[in-house]
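Trainee: I'm new to this one, so could we go through it together, one question at a time?
Mentor: Sure, let's have a look.

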Amino acid sequence: VVRHSEVDYYKQLIDSRTIQTSIVNGGDGSGQHPSQCLLDLMTIYEEFGTFENLKICIAGDITHSRVAKSNMQILKRLGAHLYFAGPAEWYSNEFDVYGQHVAIVLMLLRVQHERHGDDKGFSKEDYHALYGLTEERYAKLADQAIIMHPAPVNRDVEIADSLVEAPKARIVAQMQNGVFVRMAIIEAILNGKA
């Protein structure tokens, strides 16, 4: 299992043909995060039993988020309708094939402070007021809406501290599902070698 700061780091390992072991991508730069995607899918499926026609909004630092990229690709293939929210500076037109940029919030991403250098563009307070899940926005969510976040959470940035464990929040369930999904990945790799 490798987590690497470089996007697509694993391609050189595969192309070298000298690696005689399985490689599990634990996250590559701002490219992909397959195991987080699988646990997110598990959490959504446990809640709704389907992906078809679900309306899912991914909000936050989309350009730098490997979670967003993995989720947008598979959720569209599974029939979900995707929306993206957050600062226009953190959105790329390459995501238009998966959904549209709108001003709503449902699935939150961690602001990747470490990838923005000294100029983050927004104070924590400004980001929270403009794009974060505030108590006021939470109160407007539909009854069946759920809140997801890949964690760790920047409290009072992406989501109000008081909402991290609110009734609609599924962040703890995502963390629990992460244990099961990653155990299944390792078991699949070991069984494949048998």
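Trainee: Let's start with C57. Is C57 buried or exposed?
Mentor: First, this is a predicted model, where local features need pLDDT of at least 70, side-chain atom pairs count only at pLDDT 80 or more, and totals for chains, interfaces and linings use all residues. Residues are numbered from 1 along each chain as its sequence is written, and side-chain values use heavy atoms, with hydrogens and water left out. Buried means under 20% relative accessible area, exposed over 50%, and partly exposed in between, using a 1.4 Å probe and protein chains only. C57 has a relative accessible area of 0%, so C57 is buried.

Trainee: How many disulfides does a search of the whole structure find?
Mentor: A disulfide here is a pair of cysteine sulfur atoms within 2.5 Å. For C37, the nearest cysteine sulfur is that of C57, 16 Å away, and C37 is in no disulfide. C57 is in no disulfide either, its nearest cysteine sulfur being that of C37. The search of the whole structure gives a count of 0.

Trainee: And C37, is that buried or exposed?
Mentor: The relative accessibility of C37 is 8%. Buried means under 20%, so C37 counts as buried.

Trainee: How many residues does the largest nonpolar core have?
Mentor: A nonpolar core is a set of buried Ala, Val, Leu, Ile, Met, Phe, Trp, Tyr and Cys residues joined through side-chain atoms within 4.5 Å. Those with the most contacts inside the largest one include I44, I56, M72 and F84. Its residue count is 18.

Trainee: Which elements each supply at least two residues of this core?
Mentor: Helices (H or I, at least four residues) and strands (E, at least two) are DSSP runs, numbered from the N terminus. Two helices and two strands are on the list: α2 (34–48), β3 (55–59), α3 (66–77) and β4 (81–85).

Trainee: How many residues are in the other core?
Mentor: That core lies apart from the largest one. Among its residues are Y138, I159, A160 and A166, and the count is 12.

Trainee: Why is β4 said to be largely enclosed by the rest of the structure?
Mentor: It comes down to burial along the strand. β4 is called largely enclosed because, of its 5 residues, the number buried is 4.

Trainee: How many bridges join β3 to β4?
Mentor: Two strands pair if DSSP finds at least two bridges between them. β3 and β4 run parallel, and I58 has F84 as its bridge partner in β4. The number of bridges joining β3 to β4 is 5.

Trainee: What is the handedness of the β-α-β crossover from β3 to β4?
Mentor: The chain goes from β3 through α3 to β4. A crossover is right-handed if, with the strands pointing away from the viewer, the path from the first strand over the helix to the second runs clockwise. This one is right-handed.

Trainee: Which residue of β5 is the bridge partner of L82?
Mentor: β4 is joined to strand β5 (residues 99–101) by 3 bridges, and the two run parallel. In β5, the partner of L82 is G99.

Trainee: Why is the pair of F84 and Y91 tilted?
Mentor: Rings of Phe, Tyr and Trp (its six-membered ring) pair if their centres lie within 6.5 Å; planes under 30 degrees apart count as stacked, over 60 as edge-to-face and the rest as tilted. The centres of F84 and Y91 are 5.7 Å apart. The pair is tilted because the angle between the planes is 45°.

Trainee: Which residues form one aromatic cluster with F84?
Mentor: F84 is buried at 0% relative accessible area, and Y91 is buried at 13%. The cluster joins F84 with Y91 and F95.

Trainee: Where is P152 found?
Mentor: P152 is joined to A151 by a cis peptide bond, with omega about 0°. Its place is the loop between α5 (135–139) and α6 (171–193).

Trainee: With which side chain does the side chain of N154 make a polar contact?
Mentor: N154 is also found in the loop between α5 and α6. A polar contact is a pair of N or O atoms within 3.5 Å; within protein, one must be able to donate a hydrogen and the other to accept it, and residues adjacent in sequence count only if both atoms are side-chain atoms. At 2.8 Å, the partner is the side chain of E158.
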